[in-house]
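Me: Please walk me through this fold by question and answer. Keep it brisk.
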Amino acid sequence: MPILNKDMTLCISLSARPSNNGTRFHNYLYEALGLNWIYKAFAPTDLAQAIAGVRGLGIRGCAVSMPYKEDVIALVDRMDPSASAIDSVNTIVNDNGVLTAYNTDYTAIAQLIARNSLDPQWSVLLRGSGGMAKATAAAFRDAGFRAVTVVARNEEAGRALASLYGFKWQAELGDSTADVLVNVTPVGMAGGPEAESLAFPQAAVDAARLVFDVVALPAETPLIKAGRAAGKAVITGAEVMTIQALEQFILYTGMRPSDEQVRAAEEFMRAQ
């Protein structure tokens, strides 16, 4: 990595509980491609001030994580269709003080659904109702899934999300089962109050065909561990993070790393 200097381009991430995933991934690729760039994660105490800092300091790119994916909408200048279609933002690009919002989460989820050959006839339990849940629900809807149930205690948000994509809503998991379980809540996230908790009951895991946890830290969440132990196919949040971070990298730099460089960056990220 280049020594810090006045000409260095800065990119950042904003999250309530920052991790080193994006930091390691982006900085590895900056070095691999010989870019005079640096990436730093932050936990903002004031979101509006943080976004004003992006604009005022000429910060090139800003990744946005839970719980800010919807709140930043009012703070940007333009919404790319990838973000406006689902009213959720995970990426901001600064072009000379003009902030444009994107959503690369949707791209990542859509690619993983296709790569893993998920059958649109399968039933899905999707737990969560925030910005990331919107991206996930949109990707499943666009992949042809119709038997999807949104599980969210927040009735207003849960019903709104389910209605938006023609899905069902229920407040609690109860004894519900489905072919695909998707966790889009902080349950199982390292450093959180439910870091050791399962996002779905063991009985639901045992009945599922595939377990999908969008939580990226740790790579092996309690839900993913339970899925593997039960012999189920799994999709991890680390996989989501790699794809969406690559799309962010391209938006920020205008450069596309080789497949070998991306794999190396992913291995470096996971080795922390």
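What follows covers the ground rules, then the two sheets, then the helices.

Reply: This is a predicted model, in which local features need pLDDT of at least 70, side-chain atom pairs count only at pLDDT 80 or more, and totals for chains, interfaces and linings use all residues. Residues are numbered from 1 along each chain as its sequence is written, and side-chain values use heavy atoms, with hydrogens and water left out.

Me: What is the strand order in the open sheet with mixed pairing?
Reply: Helices (H or I, at least four residues) and strands (E, at least two) are DSSP runs, numbered from the N terminus. Two strands pair if DSSP finds at least two bridges between them. This open sheet has six strands, in the order E2-E1-E3-E5-E6-E4.

Me: Which strands stand at the edges of that sheet?
Reply: An edge strand here has a single partner strand, so one side of it is left without a neighbour in the sheet. The two are E2 (37–42) and E4 (78–79).

Me: Which residue in E2 stands opposite Thr 9?
Reply: E1 (residues 9–14) and E2 run parallel, joined by six bridges. Opposite Thr 9 in E2 stands Trp 37.

Me: What angle does the direction of H1 make with that of E2?
Reply: H1 packs on the sheet and touches E1 and E2. Contact means heavy atoms within 4.5 Å. Axes are lines fitted to C-alpha atoms, for helices over the stretch in contact, and angles run from 0 to 180 degrees between N-to-C directions. For H1 and E2 the value is about 175°.

Me: At what angle to E1 does H2 run?
Reply: H2 (residues 47–56) lies across E1, E3 (61–64), E5 (91–95) and E6 (98–102). Its angle to E1 is about 165°.

Me: How many of the five residues of E6 are buried?
Reply: Buried means under 20% relative accessible area, exposed over 50%, partly exposed in between (1.4 Å probe, protein chains only). E6 is largely enclosed by the rest of the structure, because the buried count among its five residues is four.

Me: Which residue in the turn between E5 and E6 has a positive phi?
Reply: E5 and E6 run antiparallel over five bridges, with Thr 91 opposite Tyr 102. They form a hairpin with two residues between them. The turn residue with a positive phi, about 55°, is Asn 96.

Me: Which residue in E6 is the bridge partner of Arg 78?
Reply: E4 and E6 run parallel, joined by two bridges. The partner of Arg 78 in E6 is Thr 100.

Me: What is the strand order in the open sheet with parallel pairing?
Reply: This sheet has six strands. E9 (168–170) and E12 stand at its edges, each with a single partner strand. Neighbouring strands are turned by 20° against each other on average, direction ignored. The order is E9-E8-E7-E10-E11-E12.

Me: Which residue in E8 stands opposite Val 124?
Reply: Four bridges join E7 (residues 124–127) to E8 (residues 148–151), and the two run parallel. Opposite Val 124 stands Val 148.

Me: Is Val 211 in E11 buried or exposed?
Reply: E11 (residues 210–213) is covered on both faces. Leu 210 and Phe 212 lie on one side, Val 211 and Asp 213 on the other. Val 211 is buried.

Me: Which helix does the chain pass through from E10 to E11?
Reply: E10 (residues 180–183) and E11 pair in the parallel sense over four bridges, with Val 182 partnered by Phe 212. The β-α-β crossover is right-handed (with the strands pointing away from the viewer, the path from the first strand over the helix to the second runs clockwise). The helix is H7 (residues 202–207).

Me: What makes H1 and H9 oblique to each other?
Reply: Two packed helices are described by the angle between their axes and the distance between the axes. Angles under 35 degrees count as roughly parallel, over 145 as roughly antiparallel, 65 to 115 as roughly perpendicular and the rest as oblique. The axes of H1 (residues 21–32) and H9 (residues 237–253) come within 10 Å. H1 and H9 are therefore oblique, with a crossing angle of roughly 50°.

Me: Is Asn 21 buried or exposed?
Reply: Asn 21 is found in H1. Beyond its neighbours within four places in sequence, Asn 21 contacts residues including Ala 216, Met 241 and Gln 272. At 7% relative accessibility, Asn 21 counts as buried.
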